[in-house]
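Trainee: Could you take me closely through one part of this model, the place where two of its domains meet, and tell me what is found there?

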Amino acid sequence: MVIPTNFPQRASELRDLINKYNYLYYIIDNPEVPDSEYDRLFHELKQIETDHPELLTADSPTQRVGGKALDKFNQITHAIPMLSLDNVFDTEQLLAFDQRVRDWLNTSESQVYAAEPKLDGLAISLRYEQGVLTQAATRGDGATGEDVTANVRTIPTVPLKLTGNDIPEVVEIRGEIFMPKAGFDTLNQQQIADDKKPFVNPRNAAAGSLRQLDSKITASRPLEIYCYGLGEIQGMNKPDSHSEAMMLISQWGCRISPELKRLTGIDECMEPITHLGARRESLPYDIAGVLCKFDSIQLQQRLGFVSRTPRWAIAHKFPAQEEITIVEDIEIQVGRTGALTPVARLKPVFVGGVTVSNATLHNQDEIERKDVRVGDTVIVRRAGDVIPEVVQVVLSKRPDNTVLFSMPTHCPVCQSEVERIEGEAKARCSGGLYCAAQQKEAIKHFASRKAMDVDGLGDKLVEQLVDEELIADVSDLFQLTLEQLSALERMGEKSAVNLINALQTAKQTTFSRFLFALGIREVGEATARALASHLLTLDVLQQADEETLIEIEDVGPVVAHHIVTFFHQAHNREVIDRLLVAGVNWPEEQKVSSDSMISGKTIVLTGTLEQMSRSEAKDKLLGLGAKVAGSVSKKTDFVVAGRDAGSKLSKAEKLGVSVVDEATMLGWFSL
Ligand code: NAD
């Protein structure tokens with residue numbers, strides 16, 4: 001047969017690439033491409049070799065297991081080789097596997113399978129002599145592994161001594177060492193904090209943690225084990241089935257997967273595949289798929305191996321959660337609260353069960369740490385419903401003309417200045433009052449009870465008004481007409497009248513409520529009050545520089561910076577002007593006199609007041625420098641008791657706290 005000239009060349013290219021990726025993955029624990037890309041190349045090479053057996057070379061990676069054992073470790077020869085596994089990606093291929101094996105066995109009978117998760121870690125062989133752990137070895141190239149005994153001894157779930165009776169003289173137990181997702185996240189946070197490169201995924205982290213020369217490092221890493229089979233046994237007959245072997249392993253005190261199932265016929269294997277697939281995200285560790293193994297050891301022995309994989313087992317892999325694609329652009333998304341998030345626009349790629357064309361890059365630091373540039377080929381991950389993210393750049397595929405990203409100095413939505421406080425990861429838009437990306441949150445906050453207190457203007461209604469384009473910023477609220485409101489869906493005439501009245505009422509406010517309502521970053525109620533009582537007027541506040549502001553109690557340099565930047569934005573000032581023109585007003589602030597008799601005192605209001613609402617009284621008391629608390633304690637100085645005062649009054653009497661009436665309180669105000 002004539003082989004097209006490009007096949008030998010492609011086969012050779014694929015062998016080189018796969019050997020390179022094997023080296024990066026198995027030897028130095030630093031993979032460059034996702035498994036999906038590797039699997040594609042591997043399958044392509046296998047297909048060429050199947051179609052053109054003349055092209056199969058003895059040293060082809062399709063004929064070998066994993067990578068070579070590293071010289072820095074002592075080498076251990078496995079008594080029984082540790083192999084790889086064949087895999088399939090859908091039901092059709094799984095059924096074809098079952099059919100193929102039954103044909104080989106010349107039987108039409110359903111076979112008994114053992115199904116268990118294919119854990120995403122690395123294989124280990126544990127040798128116990130007289131029940132004591134004497135040796136632990138990695139798989140290496142399948143024939144020779146690395147001696148990692150000292151490291152494995154530090155893993156709490158690996159028994160150093162087997163328990164129970166009937167322990168063979170020598171037994172080799174095989175299992176998977178893995179790192180749970182939670183431990184992986186914590187480890188990576190620590191790596192970043194220590195300025196070290198984070199691990200790409202839990203599998204990579206587990207391998208890197210186990211293959212250390214210093215077992216103290218391994219001991220500090222959150223590694224675990226699930227055992228899944230037996231190797232060499234001396235002094236005891238081999239069990240008849242895989243499930244029996246697993247029972248023995250468990251009785252000896254080794255962990256086995258709680259998901260292990262014994263099933264009849266390949267159809268029944270579909271149940272754990274579907275079930276584990278659905279629970280994949282909620283499992284505390286990563287799994288790559290489900291393994292279906294012939295349960296009978298006698299049949300396993302009869303079936304034997306083909307080059308690097310047993311004929312009696314198959315891995316049904318789950319859809320890849322990591323894929324490779326290209327960053328076509330990096331754009332900025334402005335969130336509801338003004339946070340600027342860089343987002344990679346990707347060449348669409350099917351990953352985690354959906355087509356992904358955007359992935360978050362989190363912030364500038366992340367982009368710099370990962371060195372992601374426009375034009376780069378990257379690994380993108382989408383696990384479950386989590387927002388897709390760029391995991392790392394495939395540097396070997398970086399073209400010459402990549403473009404570096406830098407955070408814009410002005411918000412792409414409203415052109416206000418972008419500020420980034422030292423120590424904070426996120427950059428933010430400072431045009432909070434005006435920015436279209438933030439309008440809904442800004443208006444909801446403005447109308448809320450502790451701010452302008454617009455009765456009847458709830459979150460849903462704000463959303464409706466913005467969506468209908470009746471308002472774009474807070475000043476538009478005061479331009480709303482009865483006709484516009486009554487024409488709204490689910491809004492009756494009466495509610496519309498009530499809202500117009502509530503808006504009218506809300507115009508009379510206090511300076512501190514108004515300041516709080518503006519939604520300046522980190523200016524809460526208390527800071528707004530401190531600003532109002534110290535600076536007294538909006539004009540003074542707008543002119544104040546950071547030095548002036550930090551002299552006020554409660555105002556630190558970060559808040560001062562936020563305030564100055566906020567008033568520096570022309571758009572924010574325009575909105576404020578429109579609010580004032582619409583009639584928003586407040587009584588002139590009185591300088592808090594530190595000698596006022598209630599200054600610094602803690603006061604609790606209870607019962608119904610006759611002359612003013614409780615919230616008005618609270619504002620006045622605060623204006624006089626008092627603290628207003630919600631509950632009575634020994635620290636309370638006065639309880640102001642209105643009509644029908646109840647439990648707070650009784651408590652005050654019990655604790656001996658001074659109780660005064662409304663008239664006394666009014667007296668304080670007129671002093
Ligand atoms: P494999 O897929 O051939 O499976 C064999 C391994 O499965 C065993 O050695 C064992 O460690 C593991 N395993 C997990 N749970 C098990 C269980 N319950 N019972 C038995 N074994 C279990 O593994 P492999 O040969 O190490 O690797 C092949 C895969 O590794 C590829 O399909 C690819 O996805 C990935 N890989 C990726 C890269 C890369 O660059 N991204 C490079 C090389 C390999």
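Mentor: Between domain 3 and domain 4 an area of about 460 Å² is buried, and carbon and sulfur atoms give 53% of it, a value that, like the others here, is computed from a predicted model. The two partners span residues 322–397 for domain 3 and 429–581 for domain 4, within a chain that is divided into domain 1 (6–63), domain 2 (76–317) and these two, followed by domain 5 (602–670). The contact draws 6 residues from domain 3 and 5 residues from domain 4, while the C-alpha centres of the two domains lie 35 Å apart.

On the side of domain 3, V334, R336 and G338 together supply 73% of the area that this domain buries against domain 4, which is more than any other three residues supply. Of these residues, R336 also forms a salt bridge with E441, in which the closest N and O atoms are 3.0 Å apart, and the count of salt bridges between domain 3 and domain 4 is 1. As for polar contacts, 2 residue pairs are found across the interface of domain 3 and domain 4, with both residues at pLDDT 80 or more. The residues on the side of domain 3 that touches domain 4 divide into 2 nonpolar, 3 polar and 1 charged, so that R336, which counts as charged by the grouping that places Arg with Asp, Glu and Lys, can be read alongside its salt bridge to E441.

Note on methods
Residues are numbered from 1 along each chain as its sequence is written. This is a predicted model: local features need pLDDT of at least 70, side-chain atom pairs count only at pLDDT 80 or more; totals for chains, interfaces and linings use all residues. Side-chain values use heavy atoms; hydrogens and water are left out. Domain bounds come from an automatic or database domain assignment. Contact means heavy atoms within 4.5 Å. Buried area is the accessible area (1.4 Å probe) that two parts lose on being put together, summed over both. A salt bridge is a side-chain nitrogen of Lys or Arg within 4 Å of a carboxyl oxygen of Asp or Glu. A polar contact is a pair of N or O atoms within 3.5 Å; within protein, one must be able to donate a hydrogen and the other to accept it, and residues adjacent in sequence count only if both atoms are side-chain atoms.
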